[in-house]
Amino acid sequence: FLGVNIGPYLFPLLMWVSAMTVALLATENLVNRHMRRLGVAMKSFSGGARKQIDLDLAGSPVEIQTLGQSYEAMTATILREEAQLEDALRQKEHLLREVHHRTGNSLQLIASIMRMHMRQEKSEAVRPILQGLHDRVMGLATVHMGLYQTSGQSEGLAKLRITGPAVEGHEPSAEPTPTVIGTQLVRGFAQQIGGRLQVSSTTEAFDVALEFPIKDGNQS
């Protein structure tokens, strides 16, 4: 083998190596670097980044330029639709806050009217009934006004607490009986929103505290 004259083979071999080198460089310059840039942009966008990346596909083959244009059109459509969804969500939050606000105001107005009737009522038997209804309506109004104030906020946990005078005839307890209809309704509501309810009463006051997570707008 060492005695074989390799002169006739050396030039073709060098030409082949040169051709392969030129082909690799051309592939890197015309295809690979553009595809890497496009891949980085796609991965970044799919990962949540919304900053537009300048692809700069000038000099790349027509097929890659077409792919880049399709990607830019797709991302522009997604960004536009996301902006529309965010705008719709803000409008929804605004309307929801307005509903809670108006509901709270309406309940407060009803409570005021009931208070006027209480003052004019002469029957000692009817007054306690009106007082109980008044307190319930005011409790609902407080809930809605609290929701109006917390709606749209971004903290992870909200706490709603209502304290009122002790109910006559009920014994003090750290966990009042669940057979009361109102307590059952509140517990069911707390369970639906994934909250934690704490109810306690003394001889002087009745306390209800509800802690619940505030979900993102797109999940509420």
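**Close-up views: salt bridges, a small sheet and a surface patch**

There are four salt bridges here, a salt bridge being a side-chain nitrogen of Lys or Arg within 4 Å of a carboxyl oxygen of Asp or Glu. This is a predicted model, where local features need pLDDT of at least 70 and side-chain atom pairs count only at pLDDT 80 or more, while totals for chains, interfaces and linings use all residues. Residues are numbered from 1 along each chain as its sequence is written, and side-chain values use heavy atoms, with hydrogens and water left out.

**View 1. The whole chain, before zooming in.**
The protein chain has four helices and three strands. Both kinds of element are DSSP runs numbered from the N terminus: H or I over at least four residues for helices, E over at least two for strands. Starting at the N terminus, the order is α-α-α-β-α-β-β. Of the 220 residues in the protein chain, 18% are buried. Here buried means under 20% relative accessible area, exposed means over 50%, and partly exposed is in between (1.4 Å probe, protein chains only).

**View 2. The three strands side by side.**
The strands make an open sheet in the order β1-β3-β2, with antiparallel pairing; two strands pair if DSSP finds at least two bridges between them. β1 (157-165) and β2 (196-201) sit at the edges with a single partner strand each, so one side of each has no neighbour in the sheet. From one strand to the next, the twist averages 10°, using lines fitted to C-alpha atoms and angles from 0 to 180 degrees between N-to-C directions. β1 and β3 (residues 205-213) pair over nine antiparallel bridges, and along the way Thr-163 faces Asp-207 in β3.

**View 3. The β2-β3 hairpin and its two faces.**
Three residues form the hairpin that joins β2 to β3. These two strands pair in the antiparallel sense over six bridges, with Leu-197 opposite Leu-210 in β3. Look along β2 and you'll see the side chains alternate: Leu-197, Val-199 and Ser-201 point to one face and are buried, while Arg-196, Gln-198 and Ser-200 point to the other and are not.

**View 4. A salt bridge across the hairpin strands.**
Arg-196 and Glu-211 form a salt bridge, with their closest N and O atoms 3.0 Å apart. The pair ties together distant parts of the chain: Arg-196 belongs to strand β2 and Glu-211 to strand β3, 15 residues apart. Arg-196 is partly exposed, at 46% relative accessible area, and Glu-211 also counts as partly exposed, at 23%.

**View 5. Two more charged pairs.**
Side chains of opposite charge can pair when their charged atoms come close. Glu-98 does this with Arg-102, in a salt bridge whose closest N and O atoms are 2.9 Å apart. The two are four residues apart in helix α2, which means about one helical turn separates them. Glu-98 is partly exposed at 27%, whereas Arg-102 is exposed at 55%. Glu-124 and Arg-127 also meet in a salt bridge, at 3.8 Å from N to O. In this pair Glu-124 is exposed, with 59% relative accessible area, and Arg-127 is partly exposed, with 31%.

**View 6. A hidden threonine in helix α2.**
Thr-75 lies in helix α2 (residues 62-120). At 0% relative accessibility, Thr-75 counts as buried. Its side chain reaches the backbone oxygen of Glu-72 at 2.9 Å.

**View 7. A nonpolar patch on the surface.**
Leu-10, Leu-13, Leu-14, Trp-16, Val-17 and Met-20 make a nonpolar surface patch of about 590 Å². Patches are made of residues with over 30% relative accessible area and no salt bridge, joining like charges within 9 Å and nonpolar side chains (Val, Leu, Ile, Met, Phe, Trp, Tyr) within 5 Å. The areas come from the Shrake-Rupley method with a 1.4 Å probe, and for residues only the protein chains shown count as cover. One of the patch members, Met-20, is in helix α1 (residues 7-46) and is partly exposed at 39%.

**View 8. Helix α4 beside a sheet residue.**
Arg-187 is part of helix α4 (residues 181-192) and is partly exposed, at 25% relative accessibility. The C-alpha atoms of Arg-187 and Leu-210 are 9.5 Å apart, with their positions 23 residues apart along the chain.

Conventions:
Polar contact = N/O pair within 3.5 Å; in protein donor to acceptor, adjacent residues only side chain to side chain.
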